[in-house]
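Visitor: Hi, could you walk me through this structure? I am new to reading models like this one.
Guide: Gladly, let us look at it together.

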Amino acid sequence: MNKISAFSGRNFKEIIRDPLSYLFCLGFPLIMLIVMTVINNGIEQSAKSAMEGLPPGAAAPETMTIFRIDNLAGGIAVFGLTFVMLFCTLTLAKDRSGAFLVRLYATPMHSGDFILGYTLPTFLLAVLQIIVTFAASFVVSLVVDIELNPLGLLLALLSLLPTAVMMIMFGLLFGTLFSDKAAPGLCSIVISLASFLGGVWFDAESLGGVMLKICEVLPFYHGVKAARLACALDFTDWTPHFLITLAYAAVVTIAAIITFNQKMRADLQ
Amino acid sequence: MLAIETKGLTKKYKSKTVVDGLNLTVDEGELFALLGVNGAGKTTTIRMLTCLAKPSGGECSVCGHNCVSDSAAVKELVGISPQDTAVAENLTVRENLSLMCGIYGFSPDKAKSRINEMIELFNIHDVANSRAKTLSGGWKRKLSIALALISEPKLLFLDEPTLGLDVIARRELWKVIRELKSRVTIVLTTHYMEEAESLADRIAVMISGHLAALGTLSELEQQTGESGLENVFVKITDNFGKGESK
């Protein structure tokens, strides 16, 4: 345990001492939260104006709720987790390219110590990031006068834990397989895919068709949905979404552990 | 007691033989220099002795422990300062040392005492609280060796420890290595002949994975009829190329 805590502590410090980690893991998601809330308010104002011009008895236009804070909070939290994946990838990839990992291979550390050493601190960062995102969302909800239940936010946090594990394990997988030069490019593809096909920036259900099917095949959409439903304390459809994220987390974890062990064995041949 | 023993140690990567039937012994307390041009097999030999690579043939042992079958014991006995400095860049010097103490399972008291000892030995008080990424090449090398030494190894591998350092930094590091001689067995690889000449008790010359020569400087001078390690090294390399040397 001493080895794991020493190595975890090192990795935690390595990440939090990189100014870019604050910019990407906290700054960017929080900026998006505020920007999208401002956009949502603008949309609602337009919708109200349109309603005022309608003849009596005419159907009111549907307002877009995707950027409303109760929907946005869960989506932004998943979006933020993709940056935790990026920093997990970069920490491992840099250790590999800079021979730091080789030095540690010559110590009594085992593969399990390395895996836990990389994943435990990033898991802590992921939880902290979700808490900060939800705390900021709660403040925004008070400002825009939309109810956001603290219990719902707590349950949304718990709903997001499998997604956090999955993202971290993606980070371990990419950091094992790719160099510190190649990994950021690959991670940016995953970040784009997760936010776009996770339904963070658009309502996948209202689009329907092939687009919705693609979203449903990938885990990100289910992570966002589980968080949004928990946030709204609506558990009628919550279970399947949560179970899918749990299954994805298990599969990616197994894949990452096998890949890391194989790569370590290959490095020591 | 022998610190290192290799018998027919061989390493092949696919069809390429990098180390070919290496037989050598290093006594405890010795400072042993491993010389050779790039690709001679020095680093691969060190990798096998530190359990970072598995031999394709033959065997090697450290302080009587086989590097393959008893790698856990070997890892407790060796420290390595790799060619790349390999330090945690965002940690301070003190935190880097503390990390290694944690990895070797030292108690907080022992860790504190070892860290202070290393800071004293390497005279790194001024930078003890500086992050590794802000250190000059010389300081980083010192830190790298301190990281290898903090676990109290019986055998210390220094893979080109002064590579890229200026003359002053190199001489400073030589001073540290001389001080270490009495405490631990050291295997040093280097391209600087004056470094091996100044520090080593015995010198081995590797060429294309083979052990081409082995002995003290005076023995090698006698064998080749040359004076000075640089001339000796060139002669051994030439002779090996002509097939006159083993």
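Guide: What follows goes through a sheet, some helices and the contact between two chains, and please keep in mind that this is a predicted model.

Visitor: Okay, in what order do the six strands of that open sheet in chain B come?
Guide: The order is 6-7-8-3-9-10 in chain B, and the pairing in this open sheet is mixed. At the edges are strand 6 (78–81) and strand 10 (210–215) of chain B, each of which pairs on one side only. On average, neighbouring strands of the sheet are turned by 15° against each other, if direction is ignored.

Visitor: And how many bridges join strand 3 to strand 9 of chain B?
Guide: There are four bridges between strand 3 (residues 31–35) and strand 9 (residues 202–207) of chain B, and these strands run parallel. To take one residue, B:F32 has B:R202 in strand 9 of chain B as its bridge partner.

Visitor: Which strands does helix 5 of chain B touch when it packs on the sheet?
Guide: Helix 5 (residues 137–149) of chain B touches strand 6 and strand 7 (155–159) of chain B, and its direction makes about 165° with that of strand 6 of chain B. Another helix, helix 9 (residues 229–241) of chain B, lies across strand 3, strand 9 and strand 10 of chain B, and runs at about 35° to strand 9 of chain B.

Visitor: Staying with helix 5 of chain B, at what angle does it pack with helix 6 of chain B?
Guide: The angle between helix 5 and helix 6 (residues 167–181) of chain B is about 20°, and their axes are 10 Å apart. Because of that angle, helix 5 of chain B is roughly parallel to helix 6 of chain B. The crossing of helix 5 and helix 6 of chain B is right-handed.

Visitor: Which residues meet there, in helix 5 and helix 6 of chain B?
Guide: From helix 5 of chain B come B:G137, B:G138, B:R141, B:K142 and B:I145, which meet B:A169, B:E172, B:L173 and B:V176 in helix 6 of chain B. Sorted by class, this contact of helix 5 with helix 6 of chain B has four nonpolar, two polar and three charged residues.

Visitor: New topic: how far does helix 5 of chain A reach?
Guide: Helix 5 (residues 111–144) of chain A has 34 residues and reaches 49 Å from its first C-alpha to its last, close to the 50 Å expected at 1.5 Å a residue. Just after helix 5 of chain A, A:D145 takes a positive phi of about 60°.

Visitor: Last one: how many residues does the contact take from chain B and from chain A?
Guide: The contact takes 21 residues from chain B and 22 residues from chain A.

Terms used. Residues numbered from 1 in each chain as written. Chains lettered and ligands numbered in written order. Predicted model: local features only at pLDDT ≥ 70, side-chain atom pairs only at ≥ 80, totals over all residues. Pairing = 2+ DSSP bridges. Helix = DSSP H or I, 4+ residues; strand = E, 2+ residues; numbered from the N terminus. Axes fitted to C-alpha atoms, helices over the stretch in contact; angles between N-to-C directions. Contact = placed C-beta atoms within 7 Å. Parallel < 35°, antiparallel > 145°, perpendicular 65-115°, else oblique. Left-handed = near helix turned anticlockwise from the far one by under 90°. Nonpolar A, V, L, I, M, F, W, Y, C, P; charged D, E, K, R; others polar. Expected span 1.5 Å × (residues − 1).
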